[in-house]
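User: I would like to learn how to read the strands and the enclosed spaces of a protein model. Could you take me through them step by step?

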Amino acid sequence: AVAQEREENRLGWNIALQGGAHYSAFENTKHASFGDAVNGHVGLSVGYDFSHAIGARAELSYGRNISGTNTELGRKLVLYHCEDVSLFADAIFNLSHLLSKDRRNNFMIEAKGYVGLGLAMPNEGTDPNVELNYKYAGKTSTVAAVRVGAIGEWHLDSNWSFLLDGCVTGYGDKFNGVDAGRPLDVRLGLSFGVKYHF
């Protein structure tokens, strides 16, 4: 009943700042502990809600990633890291609005889904010991990336809201400097943020 009395959620432009943790599910991180492959990221996005159903955003982010050398033939795992700057364009779908019978547009808490395309630019990273370096390419590369995710948005008022954003991102195989024949390097992320609607 309280939700029904709220004003419509604001459309138009918004800006958001968010950050959190991610798990680098790259080659050979499965041989390391879970905690070793967890790092962080921060992002700044500018978005636009075309309607209560569909929106879009462009996000610039920075992240730190962990990977490991190939352990074939019993060789020792050596962990190394690289950092990246990524730029994504996402299409956002307001699931709360789309799945409500009367197409409500005044939810205090909304569930949204998104898909995006981007470009990730990692630095060269650290180089593990060459003697333990089996099938390690040694050079990271700028790669194309795709992602899919879900957002929980809690509207404090007509201008401010909090975000919980979870996503799965697939990067081109040379993102982390290892080419093991798999089509993608995968990263699982969860972040919290604040958004301003104007």
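**Strands and cavities**

Analyst: β1 and β2 pair in the antiparallel sense, and twelve bridges join them; strands here are DSSP runs (E, at least two residues) numbered from the N terminus, and two of them pair if DSSP finds at least two bridges between them. Within this pairing, Ala 16 stands opposite Ser 45 in β2. The model is predicted, so to speak of local features pLDDT of at least 70 is needed and side-chain atom pairs count only at pLDDT 80 or more, while totals for chains, interfaces and linings use all residues. Residues are numbered from 1 along each chain as its sequence is written, and side-chain values use heavy atoms, without hydrogens and water.

User: Which strands make up the closed barrel?

Analyst: Eight strands with antiparallel pairing close the barrel, in the order β1-β2-β3-β4-β5-β6-β7-β8.

User: How many cavities of 30 Å³ or more are there?

Analyst: A cavity is a set of points, on a 1 Å grid over the protein atoms alone, where a 1.4 Å probe fits but cannot get out, and its volume is the space filled by probe spheres set on the points. The count comes to three cavities of 30 Å³ or more, and the largest holds about 210 Å³ of space.

User: Which residues lie nearest the centre of the largest cavity?

Analyst: Lining residues have an atom within 4 Å of a point; the largest cavity has 21 of them, with His 41, Glu 59, Arg 147, Cys 167 and Arg 187 nearest its centre. β8 gives the most to this lining, with five residues.

Definitions and conventions
On a 1 Å grid over the protein atoms alone, a cavity is a set of points where a 1.4 Å probe fits but cannot get out, and a pocket is an open set with protein on both sides within 12 Å along at least five of seven lines; lining residues have an atom within 4 Å of a point. Helices (H or I, at least four residues) and strands (E, at least two) are DSSP runs, numbered from the N terminus.
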